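User: Could you take a close look at one part of this protein for me? I would like to hear about the aromatic rings and what surrounds them.

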Amino acid sequence: MKPLHCLKLTVWVLALMLITACGTQGRLGRRSGQLTKQTTSRTDKQDKQNVAQQQTAQTDGETDAEPVDTLVKEQFLQRVSDNAQHARFITSKIKFSVEVGNRQMTLTGNLKMKRDDVIRLQLMAFGFVEAGRLEFTPDYVLIVDRINKQFLKVPYAQLSFLRNSGIDFYMLQSLFWNELFQPGLSHLADRHLRRFEAEAGVDNDVVISMENKKLSYRWLADRAAALVKMSNVKYDDHFGSVYQLNWDYTDFKPMPNSKKVFPMQHKVTFTTPQKEVKFDMVLNYLGNETDWETRTELSGKYRLVSVDEILRRFMSL
């Protein structure tokens with residue numbers, strides 16, 4: 001595949017995967033669960049093990065195998081919440097790997113994030129020329145295709161599949177920043193932790209869950225370190241169509257001037273009944289650069305495209 005075509009394709013693939021994480025044509029990504037077969041199998045095993053452990057605890061009086069006691073659960077969830085970053089900025093050079101069907105693309109780029117303000121992904125051509133940009137702010141989503149001078153800029157409220165499923169900037173921020181989240185909340189207070197459930201999983205993991213109308217969510221957290229290792233959102237429309245988003249975190253490294261750690265590798269799988277998109281993002285380092293503009297301004301040379309046009313491109317891949 002030619003490099004420029006690869007870059008252009010990657011821009012729109014990433015855009016569709018991240019923007020429509022709640023469903024193609026209005027239904028992507030509700031109800032938590034597992035995106036991949038491997039993750040689904042893992043969660044099924046966890047559910048069975050949790051039932052067996054609960055039955056054993058009831059029979060033998062052993063309750064320390066899982067955080068089901070209210071106080072223990074709240075203490076663990078508080079530890080997970082306390083692991084959230086205090087940094088105002090996170091920046092890094094990154095390497096992308098995107099896979100759609102039998103097509104695979106590997107590119108370099110930049111990740112720039114400012115807490116509660118912006119998430120920006122830049123894709124680079126030949127290592128030094130920006131070819132595409134994805135920018136998420138609390139008010140709008142911006143996608144820029146610099147190769148063809150095209151862009152999409154739209155408020156979240158005009159994207160029905162985002163609005164109806166509760167996906168907003170703050171949920172996306174929590175996914176990028178490796179944190180727990182609740183739909184409709186910009187920040188988690190201690191009182192919000194009561195809505196989460198927590199049960200023992202396999203391999204020293206704790207399964208954290210929450211239901212919200214038609215949506216449900218799952219997280220895996222390490223019992224010892226209380227670090228989020230996986231976030232999962234799943235939607236089953238009750239007609240046999242399942243949409244899932246799975247976000248795995250590995251290779252945790254210390255943040256600059258902090259005792260907190262951050263995942264250097266993010267593996268994202270987005271599945272619809274028609275498509276499966278895999279997106280890996282590897283950070284080269286952890287920085288907190290502040291000398292950059294947090295809003296992108298475009299000249300009149302760029303042409304505005306519609307969401308429907310992007311959806312058609314995505315579904316034709």
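Analyst: Happy to help; what follows is a walk through the aromatic pairs, then a cavity and a strand beside it in the account. Please keep in mind that this is a predicted model.

Let's begin with the rings. Across the whole structure, a search finds nine aromatic pairs. One of them joins Phe89 and Trp292, whose ring centres are 6.0 Å apart with 80° between the planes, an edge-to-face arrangement. Where do these two residues sit? Phe89 belongs to strand β1 (residues 89-100), while Trp292 is in the loop between β13 (276-283) and β14 (303-304), so this pair ties together parts that are 203 residues apart in sequence. Phe89 and Trp292 are both buried.

A second pair to look at is Phe181 with Trp219. Here the centres are 5.1 Å apart and the planes stand at 70°; because edge-to-face covers angles over 60 degrees, this pair is edge-to-face as well. Phe181 comes from the loop between α5 (169-177) and β7 (197-200), and Trp219 from strand β9 (residues 215-222), so the contact ties together parts 38 residues apart in sequence. Again, both Phe181 and Trp219 are buried. They also belong to a cluster: ring pairs link Phe181, Phe196, Tyr217 and Trp219.

Rings have charged neighbours too. Arg115 lies over the face of Trp177, 4.2 Å from the ring centre, and Lys153 lies over the face of Tyr140 at 4.4 Å from the ring centre.

Trp177 leads us to the cavities. The structure holds three cavities of 30 Å³ or more, and the largest has about 60 Å³ of space. Trp177 is among the residues lining the largest cavity, and others include Asn178, Leu227, Val261 and Phe262. By class, that lining has eight nonpolar, three polar and no charged residues.

Val261 and Phe262, two of those lining residues, bring us to strand β12 (residues 261-271). Eight of its 11 residues are buried, so β12 is largely enclosed by the rest of the structure. What does β12 pair with? Strand β11 (residues 242-254) pairs with β12 in the antiparallel sense over 10 bridges, and Lys253 stands opposite Phe262 in β12. These two strands form a hairpin with six residues between them, and Asn257 in the turn has a positive phi of about 55°. β12 also pairs with β13, again antiparallel, over seven bridges. There, His266 stands opposite Met281 in β13, and a hairpin joins β12 to β13 through four residues.

Key: Residues numbered from 1 in each chain as written. Predicted model: local features only at pLDDT ≥ 70, side-chain atom pairs only at ≥ 80, totals over all residues. Heavy atoms only, no water. Phe/Tyr/Trp six-rings, centres within 6.5 Å; stacked < 30°, edge-to-face > 60°. Buried < 20%, exposed > 50% of the residue type's maximum accessible area, 1.4 Å probe, protein only. Lys NZ or Arg CZ within 6 Å of the ring centre and 35° of its normal. 1 Å grid on protein atoms, 1.4 Å probe; cavity = no way out; pocket = protein on both sides within 12 Å on 5 of 7 lines; lining within 4 Å. Points joined across faces, edges and corners; volume = space filled by probe spheres on them. Nonpolar A, V, L, I, M, F, W, Y, C, P; charged D, E, K, R; others polar. Pairing = 2+ DSSP bridges.
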